[in-house]
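Please work through the following exercises with the sequence and the three-dimensional model at hand. Each task is followed by a solution in steps.

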Amino acid sequence: MVKTPAEIGLMRESGHLLAQVFAMLDTFVVAGISTMDINLKVESFIENELNARPASRGQYDFPYCLNTSINHVVCHGVPKASQILRNGDIINCDITLEKNGFIADSSKMYCIGKITPMARRLVETTYEAMWAGIRTVKPGVTLGDIGHAVQQVAEKAGYSVVREYCGHGIGREMHEEPQVTHYGKPGIGMALAAGMTFTIEPMINQGSHKLKHMKDGWTVITRDKKLSAQWEHTIAVTADGYEVLTLREEEKTLHTTE
C-alpha cells in the first residue's frame, strides 16, 4: 500500500493528465450532447492528446472510458447514444487514466444549464464533504476519522451517505487496499502512513441512502429516485499532511496541496 517517492511521482503525472481531461470537458459537457458523445470525446483525448490509457475501459469487462451518472443515478452509469443531457440535469463524470503503469481516479459534477437550488445545494455540499475528508488526511489519522468528517458534513445538511460504495487504495491497480468508507467513528480503523495513496469519493443522496441495482448489471440508482451527487480525488499521504494528485486548475486557488 505504501508507495515510494518515485512511484508517487508517476502517480502525480497521471493525476495531472487526468485533471486536463476534466478541463477539456468543462466546455464540452452541455445540454444537447449524449453521454456516449462524452465517452468518445474522453477516449480520443486520453489516447490521442495525452498518450495515455483510459483505465476504466476493459476493467471488469466494462466497455467504456468513464461512468456518466445523471440525477438519481448514484454511480456506474453507462454512456448511451440515446441519453441526451437536458437543462436542469446534474451529471457525474467518473474517469480513470493510466500512464507509465500508474492509475489516477477522479470524478466531477457538471450542472447542465439552470439547475434547481435544491440540486445545487446537494452538489455543493457533496463537494464540501469530500474536502472535509481530504483535509483530515495526515499520518496517524485513521480511516474512521476520514469517514466521520465526510459524514458530519453530509448529515448536518440533511443528506445521507451511501454505504455500499467507498474510496479505495490505488496505484498500479485501480482498486487496492485499503477501503475508505465515507462514514465512521473517530479513531477507528487503519492508521494512515506517509506514502499511502487512495481515493476519497463520497456519494451523497438527497433522500435515503438505500440503493437499487439496474438490470444492465452496472447502473446504481437511489431507491427513492431522489438526487445523488459524487466528487472524487486521488490522495497521497505526505510526511505531514496530504497531496491531492488529481487537483484541477480551478481548485488550486481554493484548495492548496498540503
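**Exercise 1. Determine which residue of S8 stands opposite Gly169, and describe the pairing around it.**

Step 1. Gly169 faces Glu176 in S8.

Step 2. Strand S7 (residues 167-169) and strand S8 (residues 176-180) are joined in the antiparallel sense by three bridges. Two strands count as paired if DSSP finds at least two bridges between them. Strands (E, at least two residues) and helices (H or I, at least four) are DSSP runs, numbered from the N terminus.

Step 3. With six residues between them, S7 and S8 form a hairpin.

The model is predicted: local features need pLDDT of at least 70, side-chain atom pairs count only at pLDDT 80 or more, and totals for chains, interfaces and linings use all residues. Residues are numbered from 1 along each chain as its sequence is written, and side-chain values use heavy atoms, with hydrogens and water left out.

**Exercise 2. Establish whether strand S2 is enclosed or open, and find its partner.**

Step 1. Five of the five residues of strand S2 (residues 66-70) are buried, so S2 is largely enclosed by the rest of the structure. Buried means under 20% relative accessible area, exposed over 50%, and partly exposed in between (1.4 Å probe, protein chains only).

Step 2. In a regular strand, side chains alternate between the two faces of the sheet. On one side of S2 the buried residues are Leu66, Thr68 and Ile70, and on the other they are Asn67 and Ser69.

Step 3. S2 is antiparallel to strand S4 (residues 90-99), and five bridges join the two. Thr68 has Cys93 in S4 as its bridge partner.

**Exercise 3. Describe the loop residue Ser56: its place, its burial and its contacts.**

Step 1. Ser56 belongs to the loop between strand S1 (53-54) and S2.

Step 2. The relative accessible area of Ser56 is 9%, so this residue is buried.

Step 3. Not counting residues up to four places away in sequence, Ser56 touches Phe62, Tyr64, Cys65, Thr96 and Met174. Contact means heavy atoms within 4.5 Å.

Step 4. Ser56 and Asp105 are 49 residues apart along the chain, and their C-alpha atoms are separated by 9.4 Å.

**Exercise 4. Give the strand order of the open sheet that contains S10, and name its edges.**

Step 1. The order is S6-S10-S13, with antiparallel pairing.

Step 2. Strand S6 (160-161) and strand S13 (228-230) are the edge strands, each pairing on one side only.

Step 3. Strand S10 (residues 203-205) is joined to S13 by three bridges, and Ile204 stands opposite Ala229 in S13.

Step 4. Helix H3 (residues 117-136) lies across S10 and S13, at about 35 degrees to S13. Axes are lines fitted to C-alpha atoms, for helices over the stretch in contact, and angles run from 0 to 180 degrees between N-to-C directions.

**Exercise 5. Classify the crossing of H3 and H4, and list the residues that meet there.**

Step 1. The axes of H3 and H4 come within 8 Å and cross at roughly 155 degrees.

Step 2. H3 is therefore roughly antiparallel to H4. Angles under 35 degrees count as roughly parallel, over 145 as roughly antiparallel, 65 to 115 as roughly perpendicular, and the rest as oblique.

Step 3. The crossing is right-handed: a crossing has this hand if the near helix is turned clockwise from the far one by less than a right angle, and is left-handed if anticlockwise.

Step 4. From H3, Thr125, Glu128, Ala129, Ala132, Gly133 and Thr136 meet Asp145, Ile146, Ala149, Val150 and Val153 of H4. These contact residues comprise six nonpolar, three polar and two charged. Ala, Val, Leu, Ile, Met, Phe, Trp, Tyr, Cys and Pro count as nonpolar, Asp, Glu, Lys and Arg as charged, and the others, Gly among them, as polar.

**Exercise 6. Decide whether Asp145 is buried or exposed, and identify what it touches.**

Step 1. Asp145 is found in helix H4 (residues 143-156).

Step 2. Its relative accessibility is 19%, so Asp145 counts as buried.

Step 3. Leaving aside residues up to four places away in sequence, Asp145 touches Thr136, Lys185, Pro186 and Gly187.
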